[in-house]
Amino acid sequence: RLTHAGEADQAAAVIAWPTAGGSARLAESRKLDLLAQIISNRLLDELRERVGAAYAPFVTSTWPLDSGEGGALFALVQIEPAVMGAFFAAADAIAADLAANGPTADELARVVEPARQAILRAQTGHTFWLNQLQGATFDRARILGLSTIWRDYDEATPAELQAVAARYLAPGRAMRVEIVPEVRQGAAATEAAVAGR
């Protein structure tokens, strides 16, 4: 738990699941990208339903290519302190459900299409190819990974995502960070006085 000196109704919450890394498992990293977007969609719907507000969680997956570990799938949201518990509860429930059951076909289709469109747009420029080939002179797996980039996203199945979720999103694996307003002495005294009435 960290504190800030800003407004009393502002807080931030982060939940992160350790994953892995390495160019030999690029296909798995791409499945995690899709899982991150599914979690984002579910979290947005859940927070709107539970607290009636349009909090916009940021969910992403990081996957270092130079190491076999150090990756993470994490969700971050700026939220009121009073509903922080609802965010963590929703994230835990979503992760557990994806690990146990995987996403629905409709959920997967909703995130595959934007990924497909992003690849189609990006691959028309040299920067995309340079980024994909960075480090390939000493790591052949990065070149081989190019041949499956479309298939890894476009042909992903609910069962594949469920297997990846089961590996990384199992209950008890997540790390949490809360950033909450610091309690000021004057405010604490006032709250104590009000509570004593």
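**A mixed sheet and the helix across it**

Helix H2 (residues 84-101) lies across E2, strand E4 (72-79) and E5, and runs at about 20° to E2. The structure described here is a predicted model, and a good place to begin is the sheet to which these strands belong.

The sheet is open and has 5 strands, ordered E1-E5-E2-E4-E3, with mixed pairing. Its edges are formed by E1 and strand E3 (58-62), each of which pairs on one side only. On average, neighbouring strands of this sheet are turned by 15° against each other, direction ignored.

Strand E5 offers a handy view of the mixed pairing. With strand E1 (residues 2-4), strand E5 (residues 175-181) pairs in the parallel sense over 3 bridges; here Leu2 stands opposite Ile179 in E5. With strand E2 (residues 11-18), by contrast, E5 runs antiparallel, and 5 bridges join the two. Among the residues involved, Ala12 has Ile179 of E5 as its bridge partner, while Ile15 is partnered by Arg176 in E5. Ile179 is thus met twice, standing opposite Leu2 and serving as the bridge partner of Ala12.

Turning from the sheet to the surface, Trp129, Leu133 and Ile143 form a nonpolar patch there, and together they have about 260 Å² of accessible area. Trp129 is found in helix H4 (residues 126-133). This tryptophan, Trp129, counts as partly exposed because its relative accessibility is 34%, which falls between the 20% limit for buried residues and the 50% limit for exposed ones.

Notes
Residues numbered from 1 in each chain as written. Predicted model: local features only at pLDDT ≥ 70, side-chain atom pairs only at ≥ 80, totals over all residues. Heavy atoms only, no water. Pairing = 2+ DSSP bridges. Helix = DSSP H or I, 4+ residues; strand = E, 2+ residues; numbered from the N terminus. Patch = residues over 30% accessible without salt bridge, like charges linked within 9 Å, V, L, I, M, F, W, Y side chains within 5 Å. Areas by Shrake-Rupley, 256 points an atom, 1.4 Å probe, with all protein chains shown as cover. Salt bridge = Lys/Arg side-chain N within 4 Å of Asp/Glu carboxyl O. Buried < 20%, exposed > 50% of the residue type's maximum accessible area, 1.4 Å probe, protein only. Axes fitted to C-alpha atoms, helices over the stretch in contact; angles between N-to-C directions. Contact = heavy atoms within 4.5 Å.
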